[in-house]
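Colleague: Please take me through the terms behind your model, one at a time.

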Amino acid sequence: MSSSQTNWTKSSWKDFTALQQPNWPEQHAVDKALTNLATLPPLVFAGEIRSLKTLLAKAVTGDAFLLQGGDCSENFSQVTAPNIRETLKVLLQMSVVLTYAGAKPVVKVGRIAGQFAKPRSSDMETIDGVELPSYRGDMVNSSAFTKESRTPNPKYMLKGYNMAASTLNLLRAFTRGGFGSLQRVQAWNQEFVANSPMGRSYDRLAKQISQAIGFMETIGISSETPQINQTQLFTSHEALLLQYEEALTRQDHITGNWYDCSAHMLWIGERTRQVDSAHVEFLRGVHNPIGVKLGPTYDLDEVKKLVESLNPENEAGRLTFITRLGMKQIEKVLPPLLREMKREGFNIVWSCDPMHANTYTAKSGHKTRNFNDILSEITCFFETHWSEGTIPGGVHLEMTGNNVTECTGGAQNIGDEELASNYLTSCDPRLNAEQSLEVAFQIADMIRS
Ligand code: PEP
Ligand code: CO
């Protein structure tokens with residue numbers, strides 16, 4: 001038996017401190033919702049989770065690249081076919097750009113179909129002298145600033161499960177049913193992107209791919225293969241609400257191992273990654289690929305303990321470190337981390353989250369991020385890995401396929417004064433489709449082989 005299984009049960013996290021959990025008003029209703037969830041079918045299967053792990057193992061050695069992205073926080077009201085389709089489209093476009101440049105597979109993981117719970121800096125929020133519980137994501141409460149909306153409601157966990165199920169159902173249909181086929185690579189260019197410089201660059205690339213497929217067909221090689229006419233999008237979210245995650249945790253009949261079947265990949269946030277936390281305890285025992293966010297104040301000894309706890313067998317593909325250090329600090333704080341992990345010989349997928357330490361408040365009062373800061377952190381991430389002899393294995397982005405105005409800069413050069421025109425996020429600001437594609441082209445320039 002591996003040490004990751006020693007003394008672990010899907011409930012053993014309850015003996016540890018769980019930060020960022022809702023204060024449910026009524027225990028009876030919570031128990032009812034959890035009992036219900038525990039009997040519902042898994043959202044993903046162990047076999048799929050194992051496939052993702054195998055692909056991520058390739059990102060450890062630089063033989064694949066991880067593209068993880070989606071909303072900061074999904075909203076129930078935004079779970080619609082157009083929104084799901086647009087997010088998928090832009091992820092597929094970015095993936096094509098990166099695959100073509102890097103000449104290696106891109107592992108696509110959405111922050112989707114379950115990203116409904118958020119950590120907050122404070123339990124309570126005060127507006128005009130009125131104090132109410134903070135909004136913790138649609139799986140816990142609602143964002144409107146009224147007592148009724150902000151009171152946590154355990155039924156939202158069931159609603160979250162159902163929303164995740166319908167999102168996944170559509171994603172599976174899109175990715176398996178021809179929508180994700182490389183033959184449609186030109187059709188993925190969204191209208192508002194198609195008329196932009198990024199859209200035109202994308203279109204040129206898409207034409208080259210279409211010509212290559214056409215050439216294959218001309219010489220008699222069929223394009224009717226899954227490699228061309230299907231794609232795969234894995235799901236992920238922050239494993240924050242441990243009661244929900246426990247209820248979706250199931251034992252695989254083939255291997256006897258436990259898997260958290262709420263998503264393929266789960267990550268632990270910056271605020272809940274203490275070595276002795278309930279979140280680390282819970283995730284050490286499930287066999288999914290696990291991400292851990294690492295901010296600039298990480299402690300090297302603690303990080304080593306995290307690796308020993310979460311990946312005692314040093315299995316490649318099990319552990320992804322998602323660094324979110326900030327463009328000002330990355331140059332100073334990333335090298336010692338990379339050196340130490342390399343010295344220890346730990347197998348890690350290194351992914352760059354250039355979003356979470358580059359947030360600021362615009363003059364207009366909006367929470368925003370500047371495109372150039374995001375790009376600076378990504379560039380420094382790649383350059384630092386190259387100079388340290390480690391592998392830049394992926395990126396983790398907050399993004400959407402819609403034409404939002406939430407991050408400043410980019411090819412459209414969105415200014416502070418334009419943020420209000422289409423600022424839709426209920427949590428952190430996201431790159432819009434064009435800004436996302438621009439990030440992909442910039443990374444493509446760096447990794448072109
Ligand atoms: C997030 O990914 O939305 C988030 C809250 O990140 P972090 O834990 O890195 O702050
Ligand atoms: Co966020």
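Modeller: Gladly! Two strands pair if DSSP finds at least two bridges between them, a strand being a DSSP run of E of at least two residues, and a helix one of H or I of at least four, numbered from the N terminus. This is a predicted model, with local features needing pLDDT of at least 70 and side-chain atom pairs 80 or more, while totals for chains, interfaces and linings use all residues. Residues are numbered from 1 along each chain, chains are lettered from A and ligands numbered from 1 as written, and side-chain values use heavy atoms without hydrogens or water.

Colleague: What makes strand 8 and strand 9 a pair?

Modeller: Residues 265–268 and 290–294 share three bridges in the parallel sense, and at least two are required, so they pair. Trp267 stands opposite Gly291 of strand 9. Both strands belong to a closed barrel of eight, in the order 1-2-5-8-9-10-11-14 with parallel pairing.

Colleague: What makes Cys72, His356, Glu398 and Asp428 donors of the cobalt ion (ligand 2)?

Modeller: Donors are N, O and S atoms within 2.8 Å of the metal (3.2 Å for Na, K and Ca). Cys72 (SG), His356 (NE2), Glu398 (OE) and Asp428 (OD) lie 2.1 to 2.4 Å from the cobalt ion, so they qualify. Water is not among the atoms, so the site may look incomplete. The spacing along the chain is C-x283-H-x41-E-x29-D. His356, in the loop between strand 11 (349–352) and strand 12 (359–361), is 42 residues apart from Glu398 in strand 14.

Colleague: Which classes line the largest cavity?

Modeller: Its lining has two nonpolar, four polar and two charged residues. Gly counts as polar, so Gly410 in this lining is a polar residue.

Key
1 Å grid on protein atoms, 1.4 Å probe; cavity = no way out; pocket = protein on both sides within 12 Å on 5 of 7 lines; lining within 4 Å.
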